[in-house]
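User: I'd like to go through the labels on this one and see how each of them is earned. Please put the values next to the cut-offs as we go.

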Amino acid sequence: LESMQYVEEITNSASKVSKTTVLSEDQFRLISDWWHFAILCLGKLKRPLKDPVYIARRLGITLADAKMSVERLERLGVLEPGGSEIKCICDPIRVMSETPSTAIQRSHLQTLQLASEKLSQVDVKKRDYSAITMAIDPKNLDKAKKAIEDFQDKMVKLLEPGEPSEVYTFSCQLFPVSIISDKNSEGDSK
């Protein structure tokens, strides 16, 4: 599963040689389609049925996607094969990359689309959307990314205890709204 967990490209500046991890179609889909991780989270609910009809109904996905996803998760050794309940049999999966990845970009686009749909579909008491716009020093971005990662871990520790009955996604974006320009451009030194 290591090749699923880390999608990375390392470039040697002297020789300009790139090393890329090649993902199988199953690994790509696991990362890129949001419902794979949601299916794993369904396994933490009281009645985690590994029934595609139940999964499709609970997640609002097609029956075909639910069926193919369960089969894919079993093939990848993430879900226990057979049985009637969703049972994860691998360590937690964290996908990390500092280089562009089609699978990760597709996952983020799906999450943003899902968030957009849920904004009008879910009662405000059962969701939270917030944003802040600020002037920043880009030199602090690495620190900010680490703080976001730490905060995500804290959210998991806050929300998972007890008796889970629903599956939620916590999504956080940090992106420029100004046009990124060279440091030496006029007007940027203010």
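**Checking the labels**

Analyst: Let's start with helix H4, where Pro52, Tyr54, Ile55, Ala56 and Leu59 are buried. Bear in mind that this is a predicted model: local features need pLDDT of at least 70 and side-chain atom pairs count only at 80 or more, while totals for chains, interfaces and linings use all residues. Residues are numbered from 1 along each chain as its sequence is written, and side-chain values use heavy atoms, leaving out hydrogens and water.

User: What makes something a helix here, and what do the buried residues of H4 pack against?

Analyst: Helices are DSSP runs of H or I with at least four residues (strands are E runs of at least two), numbered from the N terminus. The buried residues of H4 pack against H3 and H5, where contact means heavy atoms within 4.5 Å. Right after H4 comes Gly60, with a positive phi near 70°.

User: Why is Ser69 called buried?

Analyst: Buried means under 20% relative accessible area, exposed means over 50%, and partly exposed is in between (1.4 Å probe, protein chains only). Ser69 has 1%, so it is buried. This serine is in H5 and touches Trp35, His36 and Ile39, leaving aside residues up to four places away in sequence.

User: What makes a nonpolar core, and which residues touch the most other members of the largest one?

Analyst: A core is a set of buried Ala, Val, Leu, Ile, Met, Phe, Trp, Tyr and Cys residues joined through side-chain atoms within 4.5 Å. The largest has 23 residues, and Ile39, Ile55, Leu59 and Ile61 touch the most other members. Helices H3 (35–42), H4 (52–59) and H5 (63–75) each give it two or more residues, with H3 giving the most, at 5. Leaving out neighbours up to four places away, Ile39 touches Ile55, Leu59, Ser69, Leu73, Leu79 and Ile86.

User: On to the rings. How do you know that Trp34 and Trp35 are edge-to-face?

Analyst: Phe, Tyr and Trp rings (for Trp, the six-membered one) pair if their centres lie within 6.5 Å; planes under 30 degrees apart are stacked, over 60 edge-to-face, and the rest tilted. The whole structure has 2 aromatic pairs. For Trp34 and Trp35 the centres are 5.7 Å apart and the planes at 80°, so that pair is edge-to-face. Both tryptophans are buried.

User: And why do Phe151 and Phe170 get that label?

Analyst: Their centres are 5.6 Å apart and their planes at 65°, which is over 60, so edge-to-face it is. Phe151 sits in helix H7 (residues 141–159) and Phe170 in the segment after H7, so the pair ties together parts 19 residues apart in sequence. At 41%, Phe151 is partly exposed, and Phe170 at 38% is partly exposed too.

User: What makes Glu163 and Lys46 a salt bridge?

Analyst: The rule is a side-chain nitrogen of Lys or Arg within 4 Å of a carboxyl oxygen of Asp or Glu. The closest N and O atoms of Glu163 and Lys46 are 3.1 Å apart, so the pair passes. It links distant parts of the chain, 117 residues apart: Glu163 is in the segment after H7, Lys46 in the loop between H3 and H4. Glu163 at 62% and Lys46 at 66% count as exposed. The structure holds 7 salt bridges.

User: How do you know that Arg58 and Glu166 make one as well?

Analyst: Their N to O distance is 3.4 Å, so they pass too. Arg58 lies in H4 and Glu166 in the segment after H7, so parts 108 residues apart are tied together. Arg58, at 30%, is partly exposed, as is Glu166 at 49%.

User: What separates Glu71 and Lys67 along H5?

Analyst: About one helical turn, because they are 4 residues apart in H5. Their side chains meet in a salt bridge at 3.5 Å, N to O. Both count as partly exposed, Glu71 with 35% and Lys67 with 46%.

User: Last one: why is Ile132 called exposed?

Analyst: Its relative accessibility is 66%, so the exposed label fits. Ile132 lies in the loop between helix H6 (102–121) and H7.
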